[in-house]
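Me: Could you pick one part of this structure and take me through it closely, with a bit of context first? I'm in my first year, so please explain the terms as you go.

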Amino acid sequence: MSIRISPSILAADFSNLQVELSKVENADLLHVDVMDGNYVPNISFGLPVIQAVRRVSSLPLDIHLMILRPDRFLVDFSSLQPEIITVHYEAVTHLQSTLQQIRELGSKAGVSLNPHTPLDGLQYILDDLDLILIMTVNPGFGGQTFIPAMLEKIRDCRRMIGTRSIELQVDGGVSLDNMPSLLAAGATNFVAGSAIFGADDPGQYIEKMRQTQRQG
């Protein structure tokens, strides 16, 4: 499976967002972290900002809802026609129903797991999933350091997925330094914020991330 790169716009310079997004046009997706200040200790942005992103970028949206009771807003976010909507395992009461609703609204359904959350709860809903996001830092802030213990979790998740066509996404401290290890563990979709937008040439950094798979 070919890898996909999803720059996290949380790390972009919002004073000049259109220019920032033009630097990552060679990415596969735009990762959009929506934070509510309740589920995670930070507030990011909502629909108006994402609508602005949609107007200035043609890249598919990868919307990551770090919010409590995301069911309340699925219709609103689906109006942006994102490729993926991901909800947190810990923030949803009836996960299978939520994933089904995401698909019915026209997006791929993803679930995200915090570092301390075991994989066990996913085994009965794998057929309802298009993407599993393993958080490799504690969610809420960009620029954190990758948690090494998550490599084993990624390997375990890859075994759980088996032959199913489910993307295995990683988010948190992802960079060229740990890409080889993440690829070897079975990750196929890479979210990077500070590493990409903090690079001298974000587009070139994305290409170097792709080359890691070819070199492997």
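Reply: Let's start with charge: the protein chain carries 16 positive and 24 negative side chains, and the centres of these two sets are 3 Å apart. Here Lys and Arg count as positive and Asp and Glu as negative, while His and the chain ends are left out; each charge is placed at NZ of Lys, CZ of Arg, CG of Asp or CD of Glu.

Before going on, know that this is a predicted model, where local features need pLDDT of at least 70 and side-chain atom pairs count only at pLDDT 80 or more, though totals for chains, interfaces and linings use all residues. Residues are numbered from 1 along each chain as its sequence is written, and side-chain values use heavy atoms, with hydrogens and water left out.

Now the overall picture. The protein chain has 8 helices and 8 strands (DSSP runs numbered from the N terminus, with H or I over at least four residues for a helix and E over at least two for a strand). Its radius of gyration is 16 Å, close to the 17 Å that the globule rule gives for 216 residues, so the chain is as compact as a globular protein of that length. That radius is taken over C-alpha atoms, and the globule rule is 2.2 Å times the number of residues to the power 0.38. Along the principal axes, the C-alpha atoms fill a box of roughly 45 × 40 × 30 Å. Of the 216 residues, 54% are buried, where buried means under 20% relative accessible area, exposed means over 50%, and partly exposed is in between (1.4 Å probe, protein chains only).

The part I'd pick is helix 4, residues 95–104, whose buried residues are Leu 95, Thr 98, Leu 99 and Ile 102. Look down the axis of helix 4 and these buried residues fall within an arc of 100 degrees, so they line one face of the helix. The arc is that of the directions from the helix axis to the C-beta atoms. There's a handy general rule here: an α-helix has 3.6 residues a turn, so residues three or four places apart point the same way.

What do the buried residues of helix 4 pack against? They pack against helix 3 (74–78), strand 4 (84–88) and strand 5 (108–113), using contact in the sense of heavy atoms within 4.5 Å. After helix 4 comes Gly 106, whose phi is positive, near 105 degrees.

Two of those packing partners, helix 3 and strand 4, are joined by a loop that's worth a visit. Gln 81 sits in the loop between helix 3 and strand 4, and has a positive phi of about 55 degrees although it is not a glycine. In general, most residues other than glycine have a negative phi. Is Gln 81 buried or exposed? At 68% relative accessibility, Gln 81 is exposed. Pro 82 is in the loop between helix 3 and strand 4 too, but Pro 82 is buried, with a relative accessible area of 3%. Not counting residues up to four places away in sequence, Pro 82 touches Leu 61, Ile 63, Phe 77 and Ser 107. In space, the C-alpha atoms of Pro 82 and Arg 54 are 9.4 Å apart, with their places 28 residues apart in sequence.

Going back along the chain, Arg 69 is in the loop between strand 3 (61–66) and helix 3. Arg 69 also has a positive phi, about 50 degrees, without being a glycine, and it is exposed, with a relative accessible area of 53%.

One more residue links up with this neighbourhood: Arg 4, found in strand 1. Arg 4 is buried, with a relative accessible area of 17%. Leaving aside neighbours within four places in sequence, the contacts of Arg 4 include Glu 83, Ile 84 and Lys 108. Arg 4 also touches Thr 188, and the C-alpha atoms of Arg 4 and Thr 188 are separated by 6.4 Å although the two are 184 residues apart along the chain. For the whole protein chain, residues 24 or more positions apart account for 62% of the contacts with a separation of 6 or more.

So, to recap helix 4: find Leu 95, Thr 98, Leu 99 and Ile 102, turn the view until you look down the axis, and see how they line one face of the helix.
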